[in-house]
Amino acid sequence: MAARPKILIVDDNTDYLFTMETFLSRNGFDTVTAEDGKKGYELALKEKPDLILLDIMMEGLFSGFQFCKKKLADPELQDVPVIGISGLGDELGVDTEKYKFIKKYFSPETFFEKPVDKEKLLAKIKELIGT
Amino acid sequence: MNKIGCPADNRKIVSPETTVKSAGTDTRISETFAELGYKTIIDLLPSYISIQDHSLRILFVNQTFKNDFGNGVGELCHVVYKKSEERCANCPVQKTFSDKRVHLSEETVRLSNGEFSQVIVYSAPITDISGNVVAVMEMATNITRVKEMQKELAILGQSFAMLSHDIKNILEGLQGGAYVVDEGLKDKDPELTRKGWEVVKKNITEISIVVQNILYSAKKRKPRHERVSPDSLAREVVYLLEEKAKSLNVQLRCSCNPSLPQVLVDPASIKRMLCNLIGNAIEACKLDKEKDTHTVTVRADFYDRTHFAFEVEDDGVGMDECTKSNLFKGFFSTKGCNGTGLGLLVVDKIIKEHGGRIEVLTTPGKGSTFRVIFKIQ
């Protein structure tokens, strides 16, 4: 049996980690989770996931943006696709059209707003991983 | 100079911007105009009107100007308006002198009584028959109230953005929890169903807190005072937040002095206040990554012979001076994605309604204590 693709979920909301873990594991993926960007990055290097699901507005110094910036310069991780998740979206101006630095990290199709449409997310994950 | 302070040869002055047209066919209005005279009408205008020369020396002012800034004629515009020897950086009068056009700027001025006002200033040229600008008329309208409303609207907009974000996160929790419950039921897995249901319940508590805070901050609610025991109020709130604390590995303790008498307070407000303070304390523990487990202690005890206090102590991240000084400003939140900033605003409102006061003791990296002191009535 072929190995299941592995997804790293990084989010400081433990409810979200648990529900997303349940959802992905029931849809054919293995999951590893981290509650902050720093731990997430360490886990990414250790586990070599096929895809990263990343909350971009985590508390603390190591936010989703810092995660992406570091990852882009890291030969070990730069090719791993990232899907950005946020609850802030347009209200506070996190607008992929307006802010080019977000575009650098996420194309509009790989940036999801909470509450996440799970079916669309699943389709995007499959497309990026190529399953 | 004639009596309104204009140059003596003002018969030659043509001012298209200040021409008052006839009031049409209504002769009564025209007669009233004629009786009042333009000088009186200019005096009655609810704007500060002044005419200035090249050196910004005031030649004429209307009565509204005199009421708020004194006579001013013969003095420099910036001295009268701003009590400053320096010209304004964006002076519209100077611009009008150089290009003969109408200009506009927003300025903060200081009235004779020492108060500051914000004004919107228009400048218009007064030209002679050859088209040379001989003076500039400046009309400044007080927009302080408009500016205050703008600020309130900005805060309101910001609050909607933060609330909307908070609600989105809760929705995510509700939807995610419901999904897990569904999966648990489908698989006849009671453990998974229970875990999903816990997520749903926790998010129901969260949404009730957010909604009640919105109501408390928006509505003018008359407090309903009753005699209650501070101990029972604290215990009720601790019970409500136990689930949330447990899920974040925070031990929630309640330690109240049983000899405290019953006190006259609005129980619903005090519970709301404690809920926000304890909720914040739990969040402060969550932010602290240095320890695996944390403790939040809620106390109710005598403060002195005539006062009692509620105390909420946590061993979470603590705060620096900057955070502490911004605590009670509307919609200031240190909780990033997990805070609307509304909680402490509501706390502040409730304390004021009860004639109490708050003390905040905090050390970065060690934790914080919020102590609310009320008179025993």
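**Exercise 1. Work out what share of chain B is buried, and get a first picture of the chain**.

Solution. Start with the count: chain B has 377 residues, and buried ones make up 43% of them. Keep in mind that this is a predicted model. Next, look at the surface, which comes to about 20,300 Å² of accessible area for chain B, with 55% of that belonging to carbon and sulfur atoms. Then list the pieces: chain B holds 10 helices and 12 strands. Finally, check how contacts reach along the sequence. Among those in chain B between residues at least 6 apart, 60% join residues at least 24 apart.

**Exercise 2. Find the strand order of the open antiparallel sheet in chain B, and say which strands stand at its edges**.

Solution. Walk across the 5 strands and you get β2-β1-β5-β4-β3, with antiparallel pairing. Now look at the two ends of that order. β2 (58-61) and β3 (103-110) of chain B each have a single partner strand, so one side of each is left without a neighbour in the sheet. On average, neighbouring strands here are turned by 30° against each other, ignoring direction.

Zoom in on one pair next: β4 (residues 116-127) and β5 (residues 133-142) of chain B run antiparallel and share 9 bridges. To place yourself on that pair, find B:S123, whose bridge partner in β5(B) is B:E138. Last, add the helix: α4 (residues 92-99) of chain B lies across β1 (48-52), β3, β4 and β5 of that chain, at about 145° to β5(B).

**Exercise 3. Check whether the length of helix α10 of chain B agrees or disagrees with what you'd expect**.

Solution. Helix α10 (residues 342-353) of chain B has 12 residues, and at 1.5 Å a residue it should span 16 Å. The C-alpha atoms at its ends are 17 Å apart, so the two values agree. Now see which residues are tucked away: the buried ones in α10(B) include B:V346, B:V347, B:I350 and B:I351. Here's a handy rule for reading such a list: an α-helix has 3.6 residues a turn, so residues three or four places apart point the same way. Just past α10(B), B:G355 takes a positive phi of about 65°.

Carry on to the hairpin. Strands β11 (residues 357-363) and β12 (residues 367-375) of chain B run antiparallel and are joined by 7 bridges. One of the partnerships to look for is B:I358 with B:V372 in β12(B). There are 3 residues between the strands of this hairpin, where B:G365 has a positive phi near 85°.

**Exercise 4. Over in chain A, decide whether A:T110 is buried or exposed, and describe its surroundings**.

Solution. First, the cut-off: buried means under 20% relative accessible area. A:T110 has 8% relative accessibility, so A:T110 counts as buried. Then locate it: A:T110 sits in the loop between α4 (100-105) and β5 (111-113) of chain A. Beyond neighbours within four places in sequence, A:T110 contacts A:V82, A:I83, A:G84, A:K124 and A:L128.

Now for the sheet next door in the listing. Chain A has an open sheet of 5 strands in the order β2-β1-β3-β4-β5, with parallel pairing. Its edge strands, β2 and β5 of chain A, each pair on one side only. β4 (residues 82-86) of chain A pairs with β5(A) over 3 bridges, and A:G84 stands opposite A:F111 in β5(A).

Note on methods. Residues are numbered from 1 along each chain as its sequence is written. Chains are lettered from A and ligands numbered from 1 in the order in which they are written. This is a predicted model: local features need pLDDT of at least 70, side-chain atom pairs count only at pLDDT 80 or more; totals for chains, interfaces and linings use all residues. Side-chain values use heavy atoms; hydrogens and water are left out. Two strands pair if DSSP finds at least two bridges between them. Helices (H or I, at least four residues) and strands (E, at least two) are DSSP runs, numbered from the N terminus. Axes are lines fitted to C-alpha atoms, for helices over the stretch in contact, and angles run from 0 to 180 degrees between N-to-C directions. Contact means heavy atoms within 4.5 Å. The expected span of a helix is 1.5 Å times one less than its number of residues. Buried means under 20% relative accessible area, exposed over 50%, partly exposed in between (1.4 Å probe, protein chains only). Accessible areas come from the Shrake-Rupley method with a 1.4 Å probe; for residues, only the protein chains shown count as cover.
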